[in-house]
Amino acid sequence: MSTHGFTITAEGPFDFDASLRFLEDWPATSALPTDGRVLRFAYCSESDWRPIGVRVTGVPGGVEVATTRAPGPGIRAEVARILSLDVDGTGFAKLGEADPVLGDLQRRRPGLRPVCFWSPWEAACWAVIVQRSSMLIAARLKQRIAERYGATVVVDGHDCTVFPPPVSLLEAGALGLPAQKEEWLRGLARAALDGLLTTEHLRSLTPEEALAQLRALPGVGPFSAGLILIRGAGAPDAFPGDEPRLFALLREAYGLAEDAPPSSYRKLAESWRPYRSWASFLFRADSYGVMND
């Protein structure tokens with residue numbers, strides 16, 4: 001592996017080991033090649049849709065990154081976004097001082113930041129594939145599409161498959177999914193090629209504008225739109241406002257009434273600005289059990 005290296009420094013608390021544990025335990029990424037110390041993956045960069053392999057290791061105050069091809073500013077920004085290192089997290093810990101429930105989550109895993117999909121494009125495809133399916137089954141289906149139509153990049157002797165870029169998916173044959181989902185994925189591919197599913201575009205909008213545009217895409221509902229914006233584009237301060245699973249977690253944590261209206265959850269989330277996405281992520285991560293010792 002001929003590598004090109006660079007360092008990303010975190011602003012505010014950050015724990016790479018916590019990020020790695022999340023990826024190891026989350027069903028969608030549990031098959032990634034890792035030894036508990038190093039993150040290895042490959043993806044198609046938004047900057048040119050060409051595959052690139054990445055190795056990430058933790059260093060004091062940030063991460064050391066090695067890539068299989070020369071990283072321009074776009075790729076550096078993408079790796080930073082994936083680990084939420086493109087955001088100054090200095091003020092996030094202060095939210096927990098005013099919110100004991102959130103503060104308890106922060107103390108249990110200090111420095112855990114949202115870990116994003118490799119791109120909003122992959123997040124959108126995942127959102128379609130996982131509908132009416134378990135995450136484990138969806139992960140296998142996504143992997144099968146990558147093996148059949150994507151590239152393979154060798155990272156430290158490990159074969160890392162790359163989910164196909166939009167143009168490859170448009171030209172692909174049968175994907176092994178229900179016809180409706182295949183139609184939706186090809187619609188998303190066209191949207192990605194039009195620039196609607198890029199980090200730059202989505203984060204240039206207000207969260208409300210971005211969610212509205214995403215909900216207009218094929219196969220994208222309220223939950224999927226939030227996933228793409230928060231875990232795809234890495235928007236740090238978005239709150240979907242219509243996610244039953246998250247609402248149930250917040251209802252239990254804060255003792256809200258069973259029939260509490262969506263406005264109650266939005267009001268609660270206002271106190272998390274400008275890190276509403278980060279706070280929501282901690283509650284979801286806790287529900288997966290990845291924050292439990």
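Which residues in helix 11 are buried? In this predicted model, they are S224, A225, G226, L227, I228, L229, I230, R231 and G232. Helix 11 spans residues 222-232, and 9 of its 11 residues are buried, which leaves the helix mostly covered. After the helix comes G234, with a positive phi near 70°.

A second positive phi occurs in the hairpin formed by strand 5 and strand 6, where D156 has a value near 55°. The hairpin has 2 residues between its strands. Strand 5 covers residues 152-155 and strand 6 covers residues 158-161. The two strands are antiparallel and pair over 4 bridges. Within this pairing, V153 has C160 of strand 6 as its bridge partner. The side chains of strand 5 alternate between two faces. V153 and V155 point to one face and are buried, whereas T152 and V154 point to the other face and are not buried.

The next site is a charged residue in a loop. D99 sits between helix 3 (92-98) and helix 4 (100-108). D99 is buried but takes part in no salt bridge. Its nearest side chain of opposite charge belongs to R107, at 8.7 Å. Because a salt bridge requires a side-chain nitrogen of Lys or Arg within 4 Å of a carboxyl oxygen of Asp or Glu, a separation of 8.7 Å between D99 and R107 does not qualify. A polar atom of the D99 side chain does lie 3.1 Å from the backbone nitrogen of V101. Leaving aside residues up to four places away in sequence, D99 touches Y254, S271 and W272.

Elsewhere, charged side chains do pair. Side chains of opposite charge can pair when their charged atoms come close. The whole structure contains 15 salt bridges. One of them joins R69 and D48, with the closest N and O atoms 3.0 Å apart. This pair links distant parts of the chain, 21 residues apart. R69 belongs to the loop between strand 4 (62-67) and helix 2 (73-82), and D48 to the loop between strand 2 (38-44) and strand 3 (51-59). R69 has a relative accessible area of 13% and is therefore buried. D48 is at 31% relative accessibility, so this residue counts as partly exposed.

Another salt bridge brings together the side chains of D286 and R108, at 3.0 Å from N to O. D286 is in helix 14 (residues 276-288) and R108 is in helix 4, so the salt bridge ties together parts that are 178 residues apart in sequence. D286 counts as partly exposed because its relative accessibility is 23%. R108 also counts as partly exposed, with a relative accessibility of 31%.

The last example involves E270 and R273. Their salt bridge has its closest N and O atoms 2.8 Å apart. Salt bridges with shared partners join D237, E270, R273 and R276 into one network. Within that network, E270 has a relative accessible area of 38% and is therefore partly exposed. R273, at 38% relative accessibility, counts as partly exposed.

Definitions and conventions
Residues numbered from 1 in each chain as written. Predicted model: local features only at pLDDT ≥ 70, side-chain atom pairs only at ≥ 80, totals over all residues. Heavy atoms only, no water. Buried < 20%, exposed > 50% of the residue type's maximum accessible area, 1.4 Å probe, protein only. Pairing = 2+ DSSP bridges. Lys, Arg positive; Asp, Glu negative; His and termini not counted. Polar contact = N/O pair within 3.5 Å; in protein donor to acceptor, adjacent residues only side chain to side chain. Contact = heavy atoms within 4.5 Å.
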